[in-house]
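Grab a coffee and open the viewer. Here are a few short exercises to work through, each with a solution you can follow step by step.

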Amino acid sequence: MLKGKCAVVTGAAKGIGRSIALKYAKLGANLVINYRSSEEEAISLEKELKELGVEVLVVKADISNFNDANNLILMAKERFGSVDILVNNAGITRDGLVMRMKEEDFDRVIEVNLKGVFNCIRAVTPIMVKQKSGKVINMASVVGITGNAGQLNYCAAKAGVIGMTKSLARELGSRGINVNAIAPGFIQTDMTNELGEKAKDAVMANIPLKRFGNVSDVAELAAFLASESASYITGQIISVDGGMSM
Ligand code: NAI
């Protein structure tokens, strides 16, 4: 279904990004996997992807850095000749109640989760416009829609990603480019494992499907959005959250 396509996944070494990369490879896409610090995991993912018979380029880059993000996209284009799919997945949390939130915790979350998405979009847009095709998939979050106590910085960034998704969809729709966002709920990864049992119980109480999500729940949607089956869908924010954000 994605045979021969070039897909760039940021923050791909772990969690949701890793699952998306594996899913895309199973569908035949060649992968550019970006990591910032998780080198060991990135190398083991590279091996797994190659075993699936696709080509892989591993790029170390901090996507919050404009030049790093630009190089990542240019290296993908140079290696594979096109950039067909960009998944802006990399993200961090620096949680805390607003009265205790440090300025650097606000700034860093915005730099990575919001500016980082812009950096990659800025780099890929000229390439996709020239190709007259492309799929951009941004990882938002349900809390970017609903807000969440203790995550003011993260929610602001994810709400910003939702705004960017809709703006870019409007800007690039006439160029054959689809831009959508996924809003995961509580997905079991390193990011959510940090939460205490009490906080997890409180989240579970609000999930109609009564289970936390798996990374593959998100990867399935990312695969659909990257495929031609989703060619008439753009500017949408699709929740994968067990019904949490209704
Ligand atoms: P994770 O922490 O397992 O993976 C995030 C990856 O991004 C890590 O490999 C990390 O090294 C990488 N990364 C962080 N900063 C980076 C930077 N500056 N440059 C390049 N890579 C960087 O987290 P998870 O859970 O897989 O999250 C993936 C995305 O999904 C994030 O954008 C997150 O905000 C979003 N999300 C996750 C939810 C969850 O419940 N796990 C819920 C809603 C959204």
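**Exercise 1: Contacts with the ligand**

A polar side-chain atom of T189 sits 2.5 Å from an oxygen atom of the ligand. Keep in mind that this is a predicted model. Your task: find which atoms of Y154 and I187 lie close to a ligand oxygen, and at what distance.

*Solution.* Start with Y154: one of its polar side-chain atoms is 2.5 Å from an oxygen atom of the ligand. Next, take I187, where a backbone N or O atom lies 2.7 Å from a ligand oxygen. With a cut-off of 3.5 Å for N or O pairs, these distances fit. Then look at cover: on its own the ligand has 830 Å² of accessible area, and the protein covers 95% of that.

**Exercise 2: The shell**

Work out which helices supply at least two residues each to the shell around the ligand, and how the shell residues divide by type.

*Solution.* First, go through the helices: α1 (15-26), α4 (103-131), α6 (152-172) and α7 (190-193) each give at least two residues. Second, sort the shell by type: 13 nonpolar, ten polar and five charged. Finally, pick out the nearest of the 28 residues around the ligand: D62, N89, Y154, I187 and T189.

**Exercise 3: Cysteines**

Count the disulfides, and explain why C120 has no bond to C6.

*Solution.* Begin with the count: the structure has zero disulfides. Now take the sulfur of C120: the closest cysteine sulfur, in C6, is 13 Å away, so the two are too far apart for a bond. Last, check burial: C120 is buried at 0% relative accessible area, and C155 is buried at 9%.

Key:
Residues numbered from 1 in each chain as written. Predicted model: local features only at pLDDT ≥ 70, side-chain atom pairs only at ≥ 80, totals over all residues. Heavy atoms only, no water. Near = heavy atom within 4 Å. Polar contact = N/O pair within 3.5 Å; in protein donor to acceptor, adjacent residues only side chain to side chain. Areas by Shrake-Rupley, 256 points an atom, 1.4 Å probe, with all protein chains shown as cover. Helix = DSSP H or I, 4+ residues; strand = E, 2+ residues; numbered from the N terminus. Nonpolar A, V, L, I, M, F, W, Y, C, P; charged D, E, K, R; others polar. Disulfide = S-S within 2.5 Å. Buried < 20%, exposed > 50% of the residue type's maximum accessible area, 1.4 Å probe, protein only.
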